[in-house]
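Me: I have a structure on my screen and want to learn how to read it. Can we start with pockets?

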Amino acid sequence: MEAQAFYAGYYLALGFADGPCKPRYCPDRECSVLTGKGCRMGLRARYSMEAWGMDAFLMATRSGWDIYPVGTSTRSVDVPYEVTLGLVMIC
């Protein structure tokens, strides 16, 4: 969506993901950014909403979405479904 907005002339479009990128892009590797090198997935990885101080859970619930917190001790039978959130800001 970010790329579509960019190519439609909104060159300041900026996408945010939910949570850390490591489990998605580098689960079996050490994070190259944390070792002082550039991100090996720099064109794919996005900053998390939480890293910028956004409360993604609150934004989703205030938008009327049914969303359930899922943590490491959450049993799958306790939540009807999981969601992944993202946000694209188009300026």
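Reply: Yes. This is a predicted model. Begin with the residues around a pocket.

Me: Which residues line the largest pocket?

Reply: A lining residue has an atom within 4 Å of a pocket point. Here the lining takes in D18 and E50, then A56 and F57. It continues with I67, Y68, P69 and V70, and ends with Y81, E82, V83 and L85. The volume of this largest pocket is about 270 Å³.

Me: What classes of residue are in the lining of the largest pocket?

Reply: Sort them into nonpolar, polar and charged. Nine are nonpolar, three are charged and no polar residue appears.

Me: What about the second largest pocket?

Reply: Its volume is about 220 Å³. Among the residues lining it are C21, C26, C31 and C39, along with K22, E30 and R40. The lining has eight nonpolar residues, three charged and one polar.

Me: Now the whole chain. In what order do the elements of the protein chain run?

Reply: Read from the N terminus: α-β-α-α-β. That comes to three helices and two strands.

Me: How do I read the radius of gyration?

Reply: Set it beside the value for a compact globule. For 91 residues that would be near 12 Å, but this protein chain has 16 Å. The C-alpha trace spans about 40 × 35 × 20 Å along its principal axes.

Me: What percentage of the residues is buried?

Reply: Buried means under 20% relative accessible area. In this chain, 20% of the 91 residues are buried. The accessible surface comes to about 7300 Å², and carbon and sulfur atoms hold 57% of it.

Definitions and conventions. Residues numbered from 1 in each chain as written. Predicted model: local features only at pLDDT ≥ 70, side-chain atom pairs only at ≥ 80, totals over all residues. Heavy atoms only, no water. 1 Å grid on protein atoms, 1.4 Å probe; cavity = no way out; pocket = protein on both sides within 12 Å on 5 of 7 lines; lining within 4 Å. Points joined across faces, edges and corners; volume = space filled by probe spheres on them. Nonpolar A, V, L, I, M, F, W, Y, C, P; charged D, E, K, R; others polar. Helix = DSSP H or I, 4+ residues; strand = E, 2+ residues; numbered from the N terminus. Rg over C-alpha atoms; globule rule 2.2 N^0.38 Å. Buried < 20%, exposed > 50% of the residue type's maximum accessible area, 1.4 Å probe, protein only. Areas by Shrake-Rupley, 256 points an atom, 1.4 Å probe, with all protein chains shown as cover.
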